[in-house]
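Here is a short set of exercises to work through with the model open beside you. Try each task before you read its solution.

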Amino acid sequence: QVQLVESGGGVVQAGGSLRLSCVASGSHFRINAMGWYRQAPGKQRELVATITWGGYTNYVESVKGRFTISRDNAKNTIYLQMNSLKPEDTAVYYCNAGVVVPTTLRSNSYWGQGTQVTVSS
């Protein structure tokens with residue numbers, strides 16, 4: 001079992017910055033990739049950014065140049081630095097981890113509980 005705990009959400013004015021963190025904990029797992037998703041009221045959850053444990057990153061077009069995803073392999077932690085925030089970035093941000101259990105080679109996907117990001121105009 002893997003637990004994901006997010007932190008760093010809050011309320012910020014348009015143009016401001018926030019940094020989200022997500023820590024993965026548990027036993028007997030190997031992370032393949034982690035990422036951030038978001039869900040605004042009345043909308044479907046969408047991918048924001050992902051990063052493999054080898055460092056390959058992917059971003060949704062709307063955040064390119066403003067958001068940066070990074071990871072600390074030793075701490076099983078990823079970060080999302082969000083700059084130049086816009087009101088349309090307002091959403092609950094969820095952390096996701098794709099992991100493999102080394103002994104069985106079974107893969108699983110886990111979600112955090114979410115953290116609210118609100119950008120005021």
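Strands here are DSSP runs of E with at least two residues, numbered from the N terminus. By that numbering, Thr 77 is found in strand 8. Please keep in mind that this is a predicted model.

**Exercise 1. Is Thr 77 buried or exposed, and which residues does Thr 77 contact beyond its neighbours within four places in sequence?**

Step 1. Start with the cut-off: buried means under 20% relative accessible area. Thr 77 has 5% relative accessibility, so Thr 77 counts as buried.

Step 2. Look at where the side chain goes. The side chain of Thr 77 reaches the backbone oxygen of Lys 75, at 2.8 Å.

Step 3. Now leave aside the neighbours within four places in sequence. Thr 77 is then in contact with Cys 22, Val 23, Trp 53, Ser 70, Arg 71 and Asp 72.

**Exercise 2. Find the salt bridges of Arg 38 with Glu 46 and Asp 89, and describe the surroundings of Arg 38.**

Step 1. Place the residue. Arg 38 is found in strand 4, and its 6% relative accessibility makes Arg 38 count as buried.

Step 2. Search for acidic partners, using a cut-off of 4 Å between a side-chain nitrogen of Lys or Arg and a carboxyl oxygen of Asp or Glu. Arg 38 forms a salt bridge with Glu 46, where the closest N and O atoms are 2.7 Å apart. Another salt bridge joins the side chains of Arg 38 and Asp 89, at 3.0 Å from N to O.

Step 3. Check the sequence separation of that second pair. Arg 38 belongs to strand 4 (residues 30-39), while Asp 89 sits in the loop between strand 8 (77-82) and strand 9 (91-101), so the pair links distant parts of the chain, 51 residues apart.

Step 4. Compare the accessibility of the partners. Asp 89 is buried, as is Arg 38, whereas Glu 46 is partly exposed with a relative accessible area of 32%.

Step 5. Add the polar contacts. The side chain of Arg 38 makes one of 3.4 Å with the side chain of Ser 62 and one of 2.9 Å with that of Tyr 93. Contacts of Arg 38 beyond four places in sequence also include Gln 44, Val 48, Phe 67 and Ala 91.

**Exercise 3. How many salt bridges does the model hold, and which residues do shared partners join into one network?**

Step 1. Count the pairs that meet the rule: there are four salt bridges.

Step 2. Take the pair of Glu 61 and Lys 64, whose closest N and O atoms are 3.1 Å apart. Glu 61 counts as exposed at 59% relative accessibility, and Lys 64 counts as partly exposed at 46%.

Step 3. Follow the shared partners. Salt bridges that have partners in common join Arg 38, Glu 46, Arg 66 and Asp 89 into one network.

**Exercise 4. Which residues of the largest nonpolar core touch the most other members, and which strand gives the most to this core?**

Step 1. Rank the members by their links. The core has 32 residues, and those touching the most other members are Leu 4, Met 34, Trp 36, Ile 78, Leu 80, Met 82 and Tyr 93.

Step 2. Sort the members by strand. At least two residues of this core come from each of several strands, including strand 1 (2-7), strand 5 (46-52), strand 7 (67-72) and strand 11 (115-120). Strand 9 gives the most, with five residues.

Step 3. Inspect one member. Beyond four places in sequence, the contacts of Met 34 include Leu 4, Cys 22, Ile 69, Ile 78 and Cys 95.

**Exercise 5. How many aromatic pairs are there, and where do Arg 19 and Arg 45 lie?**

Step 1. Count the pairs: the rule gives one aromatic pair.

Step 2. Classify its geometry. The ring centres of Tyr 37 and Trp 111 are 5.0 Å apart and the planes stand at 70°, so the pair is edge-to-face.

Step 3. Locate the partners. Tyr 37 lies in strand 4 and Trp 111 in strand 10 (residues 106-111), so the pair ties together parts 74 residues apart in sequence. Trp 111 counts as partly exposed, at 38% relative accessibility.

Step 4. Turn to the charges over rings. Arg 19 lies over the face of Tyr 79, at 4.1 Å from the ring centre, and Arg 45 lies over the face of Tyr 94, at 3.7 Å from the ring centre.

Notes. Residues numbered from 1 in each chain as written. Predicted model: local features only at pLDDT ≥ 70, side-chain atom pairs only at ≥ 80, totals over all residues. Heavy atoms only, no water. Buried < 20%, exposed > 50% of the residue type's maximum accessible area, 1.4 Å probe, protein only. Helix = DSSP H or I, 4+ residues; strand = E, 2+ residues; numbered from the N terminus. Polar contact = N/O pair within 3.5 Å; in protein donor to acceptor, adjacent residues only side chain to side chain. Contact = heavy atoms within 4.5 Å. Core = buried A, V, L, I, M, F, W, Y, C linked by side-chain atoms within 4.5 Å. Phe/Tyr/Trp six-rings, centres within 6.5 Å; stacked < 30°, edge-to-face > 60°. Lys NZ or Arg CZ within 6 Å of the ring centre and 35° of its normal.
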